[in-house]
Amino acid sequence: MATELSKSVEAMSMADEEPPSAYIVKGCSFAPSDLSSSSSPFPVIDISLFSSISDDNTNTEVQSALHTLRSALTSTGCFQAIGHGMSGSFLDKIREMACEFFELPAEEKQKYGRSANESEGYGSDMVVSEKQVLDWSHRLSLRVFPEAKRRIHLWPKTPADFSAFLHEYSIKIKEMMEILYKAMARSLNLEENCFSSQFGEASLMQARFNFYPKCSRPDLVLGVKPHTDRSGITVLLQDKQVEGLQILVDDRWVRVPVISDAFVVNLGDQMQIMSNGIFKSPMHRVVTNTERLRLSIALFHEPEVEKEIGAVDGLISEERPRLYRNVKNYGAINYECYQKGIVALETVKL
């Protein structure tokens, strides 16, 4: 393993080298013929409609959007969000800022390198298992909330406005998530804070800038191997031109199209637990390509580490008994299972 990891993904990509065996997904078919060319099953929802939700709301447009939201989250667990209030120029600036960082010399990026056994900072996979298949990617992971927990020494100083833009962006995404939690509750005819209250006052939000260099063997190597997220909600800003994200739908991988200025919203395992299995946490992956690098920016929202989460009482009945045990620090459970190729939700089933 040490020999195989002597070069970074970025260096191997620039040299157009064959990926070493540590990156090869064995026993998994995902050649280009495996990519779906059919129309996307992921609806586009104008989430500005959810800002006007109230107990006695009879607006048919709002009710239709809530119905679409519920349908999406009970089937694929994924949709694309518009009407979020962020301009295209602002989102372009976020992408541009990320690209500027990744284009820095390797020695400059390593100033923000991830320490051993730490999740924050710049780098590739933590190696936690000899059988682990590595992802063809580099990442910059940063805690953005709570603000007191930010490790500012890991926030890049180049580009100069990185910290200011990330701060503004994370606030806007947090506000968007708060609206979505209330809308999800309303879509199930529940009290609007029944999900958000489980996260605690000091809930966690992590930003992850994903960089996927071009790869000489997209038939053998994944940018990110199949997994479900550990979060409650994940909000993803895709590359403006290059596709790569795929969701598992009815046992086949379906590409998530790029829609200008839209966010991909997908649920994580903790929302599947809180909804007692009604909402789904989708299995997803990222494929590589031989032509171009790809960038995406994800924000993950999780409860406080010591905050216990569980199914909302109103979603438990004789017809639908509790499916999962209450859990704390589910993120640690999910990460360990992910690297071992185990489905984390199966380990907390009753």
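**Exercise 1. Find the volume and centre of the largest pocket.**

Step 1. Start with the term. A pocket is an open set of points on a 1 Å grid over the protein atoms alone, where a 1.4 Å probe fits, with protein on both sides within 12 Å along at least five of seven lines. Grid points are joined across faces, edges and corners, and the volume is the space filled by probe spheres set on the points.

Step 2. Read the volume. The largest pocket has about 960 Å³.

Step 3. Go to its centre. The lining has 43 residues, and the closest to the centre are Ser-119, Arg-208, Arg-230, Glu-302 and Tyr-335. A lining residue has an atom within 4 Å of a point.

A note on the model: it is predicted, so local features need pLDDT of at least 70 and side-chain atom pairs 80 or more, while totals for chains, interfaces and linings use all residues. Residues are numbered from 1 along each chain as its sequence is written, and side-chain values use heavy atoms, with hydrogens and water left out.

**Exercise 2. Describe the lining of the largest pocket by element and by class.**

Step 1. List elements. Those giving two or more residues include β4 (138–145), β5 (204–212), β12 (294–302) and α7 (330–340). Helices (H or I, at least four residues) and strands (E, at least two) are DSSP runs, numbered from the N terminus.

Step 2. Pick the top contributor. α7 gives the most, with eight residues.

Step 3. Sort by class. The lining has 15 nonpolar, 14 polar and 14 charged residues. Asp, Glu, Lys and Arg count as charged; Ala, Val, Leu, Ile, Met, Phe, Trp, Tyr, Cys and Pro as nonpolar; the others, Gly among them, as polar.

**Exercise 3. Trace the open sheet of eight strands.**

Step 1. Write the order: β1-β2-β10-β7-β12-β5-β4-β3, with mixed pairing. Two strands pair if DSSP finds at least two bridges between them.

Step 2. Mark the edges. β1 (44–46) and β3 each pair on one side only.

Step 3. Zoom in on one pair. Three bridges join β1 to β2 (residues 78–82) in the parallel sense. Here Val-44 has Gln-80 of β2 as its bridge partner.

**Exercise 4. Trace the open sheet of four strands.**

Step 1. Write the order: β6-β11-β8-β9, with antiparallel pairing.

Step 2. Mark the edges. β6 and β9 (252–255) each pair on one side only.

Step 3. Inspect one pair. β6 and β11 (residues 284–287) run antiparallel, joined by three bridges. Val-224 stands opposite Val-286 in β11.
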